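The exercises that follow are meant to be worked through with the sequence and the structure side by side. Try each task before reading its solution.

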Amino acid sequence: QVQLVESGGGSVQTGGSLRLSCAASGVTYSSDCMGWFRQAPGKEREGVGYVFPGGGRTYYANSVKGRFTISQDNANNTLYLEMNSLKPEDTGMYYCAATQSSQYTCGALYLRRNFRYWGQGTQVTVSS
């Protein structure tokens with residue numbers, strides 16, 4: 001049984017930084033695609049980025065590229081999202097998600113937001 005629990009959200013001012021954590025139990029990093037998504041009030045959930053099965057390679061949405069970094073600590077079963085140079089438009093509920101996938105289908109599943117397992121989310125608020 002996969003369980004994902006996010007933490008680390010909070011309120012920061014523009015230009016600030018936060019690091020989100022996702023404690024992931026039941027995940028097989030060699031065969032699971034893991035990603036971060038976010039949802040602002042009144043908007044659809046959107047992808048922030050993901051890491052390919054097996055770790056290493058990552059993909060980021062254009063809106064966060066160069067500012068956000070996804071990393072994994074396999075020994076502690078934790079996925080991280082390091083967020084720097086935060087902007088008010090980064091405000092939203094941030095979700096960690098995982099799904100079984102191959103190297104070739106991870107991206108497509110991310111674009112369709114079609115992940116099987118989701119955390120409960122952690123709120124990020126960036127004020128100007």
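**Exercise 1: Strand β11 and its partners**

In β11, valine 126 is the bridge partner of valine 12. Keep in mind throughout that the model is predicted. Work out which strands pair with β11, in which sense they do so, and how the side chains along β11 are arranged.

Solution. Begin with the strand that holds residues 10-13, which is β2; the pairing of β2 with β11 is parallel and extends over 4 bridges. Turn next to β9, which pairs with β11 in the antiparallel sense over 3 bridges, and where methionine 93 stands opposite glutamine 123 of β11. For the side chains, recall that in a regular strand they alternate between the two faces of the sheet. Along β11, Thr122, Val124 and Val126 point to one face and are buried, whereas Gln123, Thr125 and Ser127 point to the other face and are not buried.

**Exercise 2: The open sheet**

Give the order of the strands in the open sheet of 4 strands, and explain why β1 and β7 each have one side without a neighbour in the sheet.

Solution. The order of this sheet is β1-β3-β8-β7, and the pairing is antiparallel. Because β1 (3-7) and β7 stand at the edges, each of them has a single partner strand, and so one side of each is left without a neighbour in the sheet. Neighbouring strands here are turned by 15° against each other on average, with direction ignored. Going inward, β3 and β8 pair in the antiparallel sense over 6 bridges, and serine 21 has tyrosine 80 in β8 as its bridge partner.

**Exercise 3: A glutamate in β1**

Is glutamate 6 buried or exposed, and how far is its C-alpha atom from that of glycine 121?

Solution. Glutamate 6 belongs to strand β1. Its relative accessible area is 5%, and because buried means under 20%, glutamate 6 counts as buried. Although glutamate 6 and glycine 121 are 115 residues apart along the chain, their C-alpha atoms are separated by 5.8 Å.

**Exercise 4: Strand β4 and the nonpolar core**

Describe how β4 is covered, which strands pair with it, and which residues have the most contacts inside the largest nonpolar core.

Solution. Of the 8 residues of β4, 7 are buried, and the strand is thus described as mostly covered. An antiparallel pairing of 8 bridges joins β4 to β9, with tyrosine 94 of β9 as the bridge partner of arginine 38. A further antiparallel pairing, of 5 bridges, joins β4 to β5, and there methionine 34 stands opposite valine 51 of β5. The hairpin of β4 and β5 has 6 residues between the strands, and within this hairpin glycine 42 takes a positive phi near 80°. As for the core, the largest one has 36 residues, and those with the most contacts inside it are Leu4, Met34, Trp36, Leu81 and Met83. Among the elements that each supply at least two residues of this core are β4 (32-39), β5 (46-51), β9 (92-100) and α1 (106-111).

**Exercise 5: The largest pocket**

Which residues line the largest pocket, and how are they divided by class?

Solution. The lining consists of Arg38, Gln39, Ala40, Lys43, Glu44, Glu46, Glu89, Thr91 and Gly92. Sorted by class, there are 1 nonpolar, 3 polar and 5 charged residues. The space in this pocket comes to about 150 Å³.

Note on methods: Residues numbered from 1 in each chain as written. Predicted model: local features only at pLDDT ≥ 70, side-chain atom pairs only at ≥ 80, totals over all residues. Heavy atoms only, no water. Core = buried A, V, L, I, M, F, W, Y, C linked by side-chain atoms within 4.5 Å. Buried < 20%, exposed > 50% of the residue type's maximum accessible area, 1.4 Å probe, protein only. 1 Å grid on protein atoms, 1.4 Å probe; cavity = no way out; pocket = protein on both sides within 12 Å on 5 of 7 lines; lining within 4 Å. Points joined across faces, edges and corners; volume = space filled by probe spheres on them. Nonpolar A, V, L, I, M, F, W, Y, C, P; charged D, E, K, R; others polar. Pairing = 2+ DSSP bridges. Axes fitted to C-alpha atoms, helices over the stretch in contact; angles between N-to-C directions.
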